[in-house]
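Open your viewer and keep the selection panel handy. We will go from stop to stop, and at each one you will hear what to pick and what to look for.

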Amino acid sequence: MSGTGYAAAVDLGGTKILTLLLDGADRVVAEDLRETEAGLGPAAVMARIQDSIRVCLAQAGVGPEDLEGIGVAVPGPVDLDRGVLTNPPNLPGWVDVPVRDLIQEAFGAPAVVEHDASAAAVGEYLFGAGRGTRHMIYLTVSTGVGGGFILDGKLYRGADGAAGEVGHMVLEPDGPLCGCGGRGHVEALISGTAIARDGETLVAHGRAPVLARLAEEQGELTARTVHAAAEAGDAEAAALLDRVAWYLGLTLISLTNIFNPEAIVIGGGVSRIGPRLLDPAVRAVRAGAFPLPAATVRIRPAELGGRSGALGVAALVRQRLD
């Protein structure tokens, strides 16, 4: 994947922006992590992305003229041909934002825009938990839920580049409202946002005293708070995570039966809850999926952590420039 110049890679999320700068040998030579501050709107967030790239250039002692290309991984849905972020549920107010053109105009270097979960799938396939496979699914469970598919060694994007929206599979038609406007989607049931929402409901009804105490001490209630409360013996918080694990298991069963992958790699912040979620979900696949694909698939945690998407989109920049 090596090139002759530097490549900047940005992973734009609902809460965080991660930027890496790679040299011609694809070594990470600079890194910047900052809050997205999505509530400020598209123009402000695009300015933060550009500033993040400039910070990385300054760290490495190089300038925009040294950039061979820039990759930006963004939450879907995205029009890949035009590099336009169309209407992502986790970035309210973003409608038809021309991310690629704005980045190219700011730095004078060719830019590539990719769905964030697809970029992460490429990263894990090339450098992480998917190495050595040809059929791999990447599932990210974070602020939202997304997926990326490597089928027969190639990134699968679908007819319009919109493939991978695992978070919007319907599990409960009358379930909770999803950020996209639908009901009972995977994202509305197992994402970090969903876990925090259900935790807040427990606290509001006085049913989770340990969770309430931890939330007050921390000044916020997140999926991490729910996990901490469950580990500290809060029965209602534990039951909430058991329910999330069950829905995660249903999602994995469907993916296993439909795609018959060698590996499903699970990343994102919620995945760091670890065995409490993953172990029962894996057991559900072994018990509930068809025997042949259930015996084949290996369900693994991501190895690259928060860098999966940035490293993947950096690889895609090199490939497209080549």
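Start by selecting the five strands of an open sheet, which run in the order S10-S9-S8-S11-S12 with mixed pairing. Since this is a predicted model, take everything on this tour as read from that prediction. At the edges of the sheet you will find strand S10 (154-156) and strand S12 (298-301), each pairing on one side only. Look along the sheet and compare neighbours: on average, adjacent strands are turned by 25° against each other, direction ignored.

Next, keep just strand S8 (residues 136-141) and strand S11 (residues 263-267). These two run parallel and are joined by 5 bridges. For one concrete pair, click on leucine 139, whose bridge partner in S11 is isoleucine 266. As background, strands of a sheet pair through backbone hydrogen bonds, either parallel or antiparallel.

Now select isoleucine 264 and show what surrounds it. Beyond its neighbours within four places in sequence, isoleucine 264 is in contact with Ile137, Leu252, Leu255, Thr256, Val297, Arg298, Ile299 and Arg300.

Isoleucine 264 also leads us to the largest nonpolar core, which has 45 residues. Which of its residues touch the most other members? Select Ile190, Ile195, Val226, Leu241, Leu252 and Ile264 to see them. The element that gives the most to this core is helix H8 (residues 235-259), with 11 residues. Apart from this core lies another one of 30 residues, including Ile53, Ile70, Val78 and Ile103. In soluble globular proteins, nonpolar side chains tend to be buried together.

Stay with H8 and walk from end to end. At its N-terminal end, aspartate 234 acts as the cap: a side-chain oxygen lies 3.1 Å from the backbone nitrogen of glutamate 236. The helix itself has 25 residues and reaches 36 Å from its first C-alpha to its last, close to the 36 Å expected at 1.5 Å a residue. After H8 comes asparagine 260, with a positive phi near 50°.

Move on to threonine 225, in helix H7 (residues 223-231). Is this side chain's residue buried or exposed? Threonine 225 has a relative accessible area of 0%, so it counts as buried. Draw a distance from its side chain to the side chain of glutamine 218, and you will find a polar contact at 3.0 Å. Not counting residues up to four places away in sequence, threonine 225 touches Leu211, Leu214, Ala215, Gln218 and Glu220.

For a second threonine, select threonine 36 in the loop between strand S3 (28-35) and helix H1 (42-60). Threonine 36 is buried too, with a relative accessible area of 0%. Its side chain reaches the backbone oxygen of glycine 13 at 2.8 Å. Among the residues in contact with threonine 36, leaving aside those within four places in sequence, are Leu12, Gly13, Gly14, Val45, Arg48 and Leu91.

The last stop is cysteine 180, in the loop between S10 and helix H4 (186-190). With a relative accessible area of 42%, cysteine 180 is partly exposed. Show Pro89, His168 and His185 around it: these are the contacts of cysteine 180 once neighbours within four places in sequence are set aside. Finally, add asparagine 90, which is 90 residues away along the chain, yet the C-alpha atoms of cysteine 180 and asparagine 90 are separated by 8.5 Å.

Conventions: Residues are numbered from 1 along each chain as its sequence is written. This is a predicted model: local features need pLDDT of at least 70, side-chain atom pairs count only at pLDDT 80 or more; totals for chains, interfaces and linings use all residues. Side-chain values use heavy atoms; hydrogens and water are left out. Helices (H or I, at least four residues) and strands (E, at least two) are DSSP runs, numbered from the N terminus. Buried means under 20% relative accessible area, exposed over 50%, partly exposed in between (1.4 Å probe, protein chains only). A polar contact is a pair of N or O atoms within 3.5 Å; within protein, one must be able to donate a hydrogen and the other to accept it, and residues adjacent in sequence count only if both atoms are side-chain atoms. Contact means heavy atoms within 4.5 Å. A nonpolar core is a set of buried Ala, Val, Leu, Ile, Met, Phe, Trp, Tyr and Cys residues joined through side-chain atoms within 4.5 Å. Two strands pair if DSSP finds at least two bridges between them. Axes are lines fitted to C-alpha atoms, for helices over the stretch in contact, and angles run from 0 to 180 degrees between N-to-C directions. The expected span of a helix is 1.5 Å times one less than its number of residues.
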